[in-house]
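Colleague: Could you take me closely through the surroundings of the bound ligands in this model, and then place them in the chain as a whole?

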Amino acid sequence: MQQSSLVVVANHLPIGGNLAPDGTSRWRRSPGGLSSALHPLLWHTPATWIGWAGRPGAAPALADVGEVRLCPVPMTDEEMHDHYEGFANSTLWPLYHDAVEQPVHHRRWWDAYLRVNRRFAEAAAEVAEADATVWVQDYHLQLVPRLLRELRPDVRIGFFLHVPFPPPELFTQLPRRAELLRGMLGADLVGFQLAQAAHNFAQLATTLLGLEATDRQVRVDDRIVRIGAFPISIDVAEMSGLAERPDVLARAAQLRADLGNPRQVIVAVDRMDYTKGIEQRLKAYRELLEDGELRVGETVLVQVAVPGREGILRYRRLRERVEREVARINGEFGRVGDMAVHYLTQPFDRPELAALYRVADVLAVTPLRDGMNLVAKEFVAARGDRAGALLLSEFAGAAAELPQAYLVNPHDLDGLKRTLLQALRAEPADAAARMAAMRERLHHHDIRAWARAYLSALDSRHGPELLARVTEE
Ligand code: ADP
Ligand code: F6P
């Protein structure tokens, strides 16, 4: 295997399921924050991406996609259940999201998590050239930094957590809490979305491991591990450019006409996940129809919810509940030719998403907990016309950067209804001022600014050269 000076390690390869029998594949931006964020940085950058090709069994032989060499890591069927669906998405995912669903613990899952993390670390050790930078992503791979350091003490190791890092009261529920912390501390830099997460991590390093820690660094033996907040962002230029394209604007106009030219359109774009607050949002909308505050024909809700992780019963059940509620709302309030909710489960290409953002009078982003939420930022980037209102959960990481949004506590149903109405009835001048302020923030904090901040903190020696490669447009 040829070696690389930049190695990205993430659970999934960026190819979705689209793998031709001859091993050729295209870069696919599958729905999800990690894939959306890394695409604009890496698709043109010489690097090796280590990840799972998305199906159990032997690793397929894969051709490069663009400049990126793909290095697939095999996973057995059992490992897919125990590592991906089990420890990553049934233990860590709910726990890290405020335990909005009960985290599940099985001792067997830990063994698979460790085994798969070791396999990823070994693959990284093999392809990293001397002195390389290895950038490990997200909660599926928290043990990789330490395992890799044992194999390759010469490489620079960065770890970035895309999801929230919970407060100590929650984290300490984990039976393997000390090992998980030590795993992350194998990195030179541990990055989080928010400063509070870095604070939580520092506290845990002190209380659980007895280490000397501040919110900026942890001392581990003779090493200093830096920690900090690096709020992730989007390719602002790409989304704002797309949203001004004549074909996209025409498509937005067409969408509005197809929706029956309602006075107001509410749009929501999520992965189908219980952290996203989809059920709470549908309930608030139904009650507003019941109360007579909203009327079908005048207002319509477009809910996009792409299913995923469907091997997990909880996700299948959530989908059933959401679909039942959509059917109920349409049954009770719809008319022939006039639906109350348009419900779509398909992945869309970027121009179609941009058109959806342009047609939205209100974009509703109401997760119960979210690391960042890039959909909120994409909407802001798409609104060069300064129109449209962002309804945003206080519990999304993005709320810290976008305080001018209509902020809401999604657990408070009356508050959710009230704030949705406020956003729908906003004075255009007020909405425009809020949008302008949010756009200003994004203008200075796009995905390249994120990469600059992270990579220069990670590697003061090779940072500038690496940055030039990663952030070149
Ligand atoms: P998460 O990382 O939890 O999925 P984010 O909001 O941060 O949440 O990121 C979701 C990303 O997935 C966004 O970039 C969004 O554009 C993309 N996405 C969501 N739904 C779709 C869809 N139906 N088709 C294509 N991309 C989607
Ligand atoms: O950003 C959060 C995240 O969990 C990513 O790590 C992940 O790739 C994405 O959402 C989608 O989830 P999945 O890979 O399980 O489909």
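Modeller: What follows takes one ligand, then the other, and then the chain. Please keep in mind throughout that this is a predicted model.

I begin with ligand 2, whose surrounding residues are H12, P31, G32, G33, L34, Y84, W93, D138, Y139, H140, R271 and R309. Sorted by class, this shell holds five nonpolar, four polar and three charged residues, and two helices, helix 1 (33-42) and helix 2 (77-96), each contribute at least two residues to it. Several side chains make polar contacts with oxygen atoms of this ligand: a polar side-chain atom of Y84 lies 2.5 Å from an oxygen atom of ligand 2, an N or O atom in the side chain of R309 is 2.7 Å from an oxygen atom of ligand 2, and for the side chain of Y139 the corresponding distance is 3.4 Å. Of the 380 Å² that ligand 2 exposes when taken alone, the protein buries 84%.

Turning to ligand 1, there are 19 residues around it, of which G33, S36, R271, F348 and E378 come nearest. G33 and R271 are also listed among the residues around ligand 2. The shell of ligand 1 divides into 10 nonpolar, five polar and four charged residues. Its polar contacts involve backbone as well as side chain: a polar backbone atom of G32 is 2.9 Å from an oxygen atom of ligand 1, while a polar side-chain atom of K276 lies 2.8 Å from an oxygen atom of this ligand, and an N or O atom in the side chain of E378 is 2.5 Å from an oxygen atom of ligand 1. On its own, ligand 1 has 570 Å² of accessible area, and the protein covers 92% of that. Two or more residues of this shell come from each of helix 1, strand 10 (264-271), strand 11 (299-306), helix 12 (350-359) and helix 13 (374-382).

As for the chain that carries these sites, its secondary structure comes to 17 helices and 15 strands. A compact globule of 473 residues would have a radius of gyration near 23 Å, and the chain, with 22 Å, agrees with that; the C-alpha trace spans about 65 × 45 × 45 Å along its principal axes. Buried residues account for 57% of the 473 residues, and among contacts between residues at least 6 apart in sequence, 73% join residues at least 24 apart. The accessible surface of the chain is about 18600 Å², with 50% of it belonging to carbon and sulfur atoms.

Conventions
Residues numbered from 1 in each chain as written. Chains lettered and ligands numbered in written order. Predicted model: local features only at pLDDT ≥ 70, side-chain atom pairs only at ≥ 80, totals over all residues. Heavy atoms only, no water. Near = heavy atom within 4 Å. Polar contact = N/O pair within 3.5 Å; in protein donor to acceptor, adjacent residues only side chain to side chain. Areas by Shrake-Rupley, 256 points an atom, 1.4 Å probe, with all protein chains shown as cover. Helix = DSSP H or I, 4+ residues; strand = E, 2+ residues; numbered from the N terminus. Nonpolar A, V, L, I, M, F, W, Y, C, P; charged D, E, K, R; others polar. Rg over C-alpha atoms; globule rule 2.2 N^0.38 Å. Buried < 20%, exposed > 50% of the residue type's maximum accessible area, 1.4 Å probe, protein only. Contact = heavy atoms within 4.5 Å.
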